[in-house]
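Here is a friendly walk through one structure, written for someone who likes to think in atoms and angles. Have the viewer open and follow along.

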Amino acid sequence: MDNAITTVSRSTRGWINGFIGVLIFSGSLPATKAGITGFAPDFLTTARAAIAGIAALLILAVLRQRLPAAKYLLSLIVVAAGVVVGFPLLTALALQYVSSAHSIVYLGLLPLATALFGVLRSNERPRPAFWLFSVLGSLFVMGFALFQGGKSTLTGDLYMVAAVLLCGLGYAEGARLSRPLGSWQVICWALVLSLPLMLILSIVFLPVTFSGIPAQAWGGLIYVSLFSMLIGFFFWYRGLAEGGITGVSQLQLLQPFFGLVLSAWLLNETVSSVMVASTCGVIACVAGSKRFSR
């Protein structure tokens, strides 16, 4: 009985942590929109990783964390390649060819990709009904994005597919690694591994002048650097590790809608009835996924 209570409690904590992580990540869209009012996309992409990497290095030094064992190095490289470098870079490249509305079509596949890599990397075995709810949830998000419209090209679509696959792998690998290393340690070490490259690129893309850059752009840069790239992962990786990668990953289905609500609140964008209806469908699918994830 005690073991059952402990398992339920750990699973519940995982879903709560995962939900907090998704809420933090949902602010990335409006924060990025605010950031590009003053910074070029290439500088914003590299600078956020560099700033987060410096913060991660300071955290590890202050808390006197030992270097991870050599056997974890490859997994940390996979995490860094997926969530620190690959996803931000590939989505930035994709958005040169596709609209942000069209990119949500592919973000709707991210929970499914994370669940698939969770099965491959962590030997999780959700029940068949889980996959039904996962696919339905992805279809709700993709249907909403298609209704919104937006331009697309083959090049942009290929970039988005690669971004989703790399990010899904990075999420699953990071969650698996969180069990022996700890959730915040994983993202901190991944950021530190990426720091030399991101620091060099951010200097290469450095603006000619910082004068005239609006306060909202600075606010956006700070948010995506400290929250989207660092703090959000403290909760997200812990949530995936405690609640199960396949199940908790489905919370990402809510991220586009949370992001659009924040955009409406902060940037005065419109919330449509289609968005509300799609959100209700996604919530039902997340609940179903949770029910059948174990």
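A good place to begin is a small charged cluster: R13, R238 and E242 are linked in a network of salt bridges. Keep in mind while reading that this is a predicted model.

**The salt bridges**

Three salt bridges are present in the structure. The table lists each pair with its N to O distance.

| Pair | Closest N to O distance |
|---|---|
| R13 and E242 | 3.7 Å |
| R238 and E242 | 3.2 Å |
| R176 and E173 | 2.6 Å |

What does the pair R13 and E242 tie together? R13 belongs to helix α1 (residues 2-26) and E242 to helix α10 (residues 215-243), so their salt bridge ties together parts that are 229 residues apart in sequence. The partner R238 is a local one: R238 and E242 are four residues apart in helix α10, about one helical turn.

Is E242 buried or exposed? E242 has a relative accessible area of 8%, so this acid counts as buried, the cut-off for that class being under 20%. The two arginines that it meets are partly exposed, with R13 at 35% relative accessibility and R238 at 41%.

The remaining pair lies elsewhere. R176 and E173 both sit in helix α8 (residues 154-181), three residues apart, and are therefore separated by about one helical turn. Here R176 is partly exposed because its relative accessible area is 26%, while E173, at 2%, counts as buried.

**Around E173**

E173 deserves a second look. Besides its salt bridge with R176, this residue of helix α8 touches S75, V78, V79 and R121, leaving aside residues up to four places away in sequence. Another residue to locate is S122: its C-alpha atom is 8.4 Å from that of E173, although the two are 51 residues apart in sequence.

**Helix α10 and its surroundings**

Where is the kink in α10 centred? The kink is centred on F233 and amounts to about 50°. After α10 comes G244, with a positive phi near 100°.

One residue that meets this helix is S183, which is placed in helix α9 (residues 183-204). S183 counts as buried because its relative accessible area is 11%. Not counting residues up to four places away in sequence, S183 touches S178, F234, Y237 and R238. Of these, R238 is also a member of the salt-bridge network with R13 and E242.

**A helix with one buried face**

Which residues of helix α2 (residues 28-35) are buried? They are S28, P30, A31, A34 and G35. Looking down the axis of α2, you will find these buried residues within an arc of 165°, so they line one face of the helix.

**A nonpolar patch on the surface**

Turning to the outside, L132, V135, L136, L139 and F140 form a nonpolar surface patch, and together they have about 420 Å² of accessible area. To find the patch in the viewer, start from L132, which is in helix α7 (residues 128-148).

**An unusual backbone angle**

Most residues other than glycine have a negative phi. R64 is not a glycine, yet its phi is positive, about 55°. Where does R64 lie? R64 is in the loop between α3 (41-62) and α4 (73-94). R64 has a relative accessibility of 74%, so it counts as exposed, the cut-off for that class being over 50%.

**The chain as a whole**

Stepping back, the protein chain has 13 helices and zero strands. Of its 294 residues, 51% count as buried. How many of the contacts between residues at least 6 apart in sequence join residues at least 24 apart? The share is 91%. The accessible surface of the chain comes to about 13600 Å², and carbon and sulfur atoms account for 71% of that surface.

To close, go back to the charged cluster with the whole chain in view: the salt bridge of R13 with E242 joins helix α1 to helix α10, and R238 completes the network.

Conventions
Residues numbered from 1 in each chain as written. Predicted model: local features only at pLDDT ≥ 70, side-chain atom pairs only at ≥ 80, totals over all residues. Heavy atoms only, no water. Helix = DSSP H or I, 4+ residues; strand = E, 2+ residues; numbered from the N terminus. Buried < 20%, exposed > 50% of the residue type's maximum accessible area, 1.4 Å probe, protein only. Arc of directions from axis to C-beta. Patch = residues over 30% accessible without salt bridge, like charges linked within 9 Å, V, L, I, M, F, W, Y side chains within 5 Å. Areas by Shrake-Rupley, 256 points an atom, 1.4 Å probe, with all protein chains shown as cover. Salt bridge = Lys/Arg side-chain N within 4 Å of Asp/Glu carboxyl O. Contact = heavy atoms within 4.5 Å. Bend = angle between axes of the 7 residues up to and from the residue.
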